[in-house]
Amino acid sequence: MRVGLLEDDVAIQEMVMLVLQDEDYEVIAYPDAEACLDALRIEAPTSKTTSIDLLIVDWRLNGTMSGIEVIKCVRSVPYLAELPIILTTAATFTDIESLRDLQVSLLEKPFSVDEIISLIKRVTGPLASS
């Protein structure tokens with residue numbers, strides 16, 4: 001399974017990459033929101049699949065866009081509308097309704113290896129075994 005990772009804290013990005021790679025996931029790290037959106041939009045608009053099976057996005061990103069704004073852009077692309085997405089944050093996130101509307105799972109930092117792996121398996125369902 002291929003996981004897209006948008007996390008601008010290099011230490012957290014490296015930790016998550018190591019954890020996921022240790023679980024045999026292929027990880028594609030995006031340096032910023034624009035790179036993530038550009039990479040995902042390369043897909044053919046008529047395609048029924050994308051190059052990743054899951055996207056993990058940090059809520060508070062450096063730059064002009066928040067993680068929620070990135071997710072809204074992703075959800076606006078028809079072939080990405082059903083892509084499983086996990087939003088990570090170290091801050092208190094209270095807008096749970098917007099997460100439901102965007103079909104996003106929340107993972108609060110700090111999280112354990114077991115927590116992230118369990119959540120990935122839960123949101124990807126049968127994809128986790130591929």
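## Exercises on a predicted sheet-and-helix model

In this predicted model, L6 stands opposite Y30 in β2, and the first exercise starts from that pair.

**Exercise 1. Determine the order of the strands in the sheet, the sense of their pairing, and which strands stand at the edges.**

Solution. Begin with β1 and β2, which pair in the parallel sense over five bridges. Extending the search to the other strands gives five strands that form an open sheet in the order β2-β1-β3-β4-β5, with parallel pairing. In this order β2 and β5 (104-108) each have a single partner strand and stand at the edges, so one side of each is left without a neighbour in the sheet. From one strand to the next, the twist averages 20°.

**Exercise 2. Describe how helices α3 and α5 are placed against the sheet, giving for each an angle to a strand.**

Solution. Take α3 as the starting helix: it packs on the sheet and touches β1, β3, β4 (85-89) and β5, while its direction makes about 170° with that of β4. Then turn to α5, residues 113-124, which lies across β3, β4 and β5 and runs at about 175° to β5.

**Exercise 3. Find the buried residues of helix α2, establish how they are distributed around its axis, and identify what covers them.**

Solution. Within α2, which spans residues 33-41, the buried residues are A33, C36, L37 and L40. When the helix is viewed down its axis, these buried residues fall within an arc of 90°, so they line one face of α2. Their cover includes the strands β1 (2-6), β2 (26-30) and β3 (54-58), together with helix α3 (67-75). At the N-terminal end of α2 the cap is D32, which has a side-chain oxygen 3.3 Å from the backbone nitrogen of E34.

**Exercise 4. Classify V70 as buried or exposed, and list its contacts beyond four places in sequence.**

Solution. First locate V70, which is in helix α3. Its relative accessibility is 0%, and because buried means under 20%, V70 counts as buried. Leaving aside neighbours within four places in sequence, V70 is in contact with L6, A33, C36, L37, L61 and M65. For one of these partners, L37, which is 33 residues away along the chain, the C-alpha atoms are separated by 7.3 Å.

**Exercise 5. Characterise the crossing of α1 and α5 by distance, angle and handedness, and name the residues that make the contact.**

Solution. The axes of α1 (residues 10-22) and α5 come within 11 Å and cross at roughly 60°, and the crossing is right-handed. On the α1 side the contact is made by V16, V19 and L20, and on the α5 side by V113, I116, I117 and I120.

**Exercise 6. Examine the backbone at D24, Q103 and the K109-P110 peptide bond, and place each in its loop.**

Solution. As background, most residues other than glycine have a negative phi, and most peptide bonds are trans. D24, although not a glycine, has a positive phi of about 70°; it is found in the loop between α1 and β2, and at 68% relative accessibility it counts as exposed. Q103, in the loop between α4 (96-101) and β5, also has a positive phi, near 55°, but is partly exposed, with a relative accessible area of 44%. The peptide bond that joins K109 and P110 is cis, with omega about -5°, and P110 is found in the loop between β5 and α5.

Notes. Residues numbered from 1 in each chain as written. Predicted model: local features only at pLDDT ≥ 70, side-chain atom pairs only at ≥ 80, totals over all residues. Heavy atoms only, no water. Buried < 20%, exposed > 50% of the residue type's maximum accessible area, 1.4 Å probe, protein only. Helix = DSSP H or I, 4+ residues; strand = E, 2+ residues; numbered from the N terminus. Arc of directions from axis to C-beta. Contact = heavy atoms within 4.5 Å. Polar contact = N/O pair within 3.5 Å; in protein donor to acceptor, adjacent residues only side chain to side chain. Pairing = 2+ DSSP bridges. Axes fitted to C-alpha atoms, helices over the stretch in contact; angles between N-to-C directions. Left-handed = near helix turned anticlockwise from the far one by under 90°.
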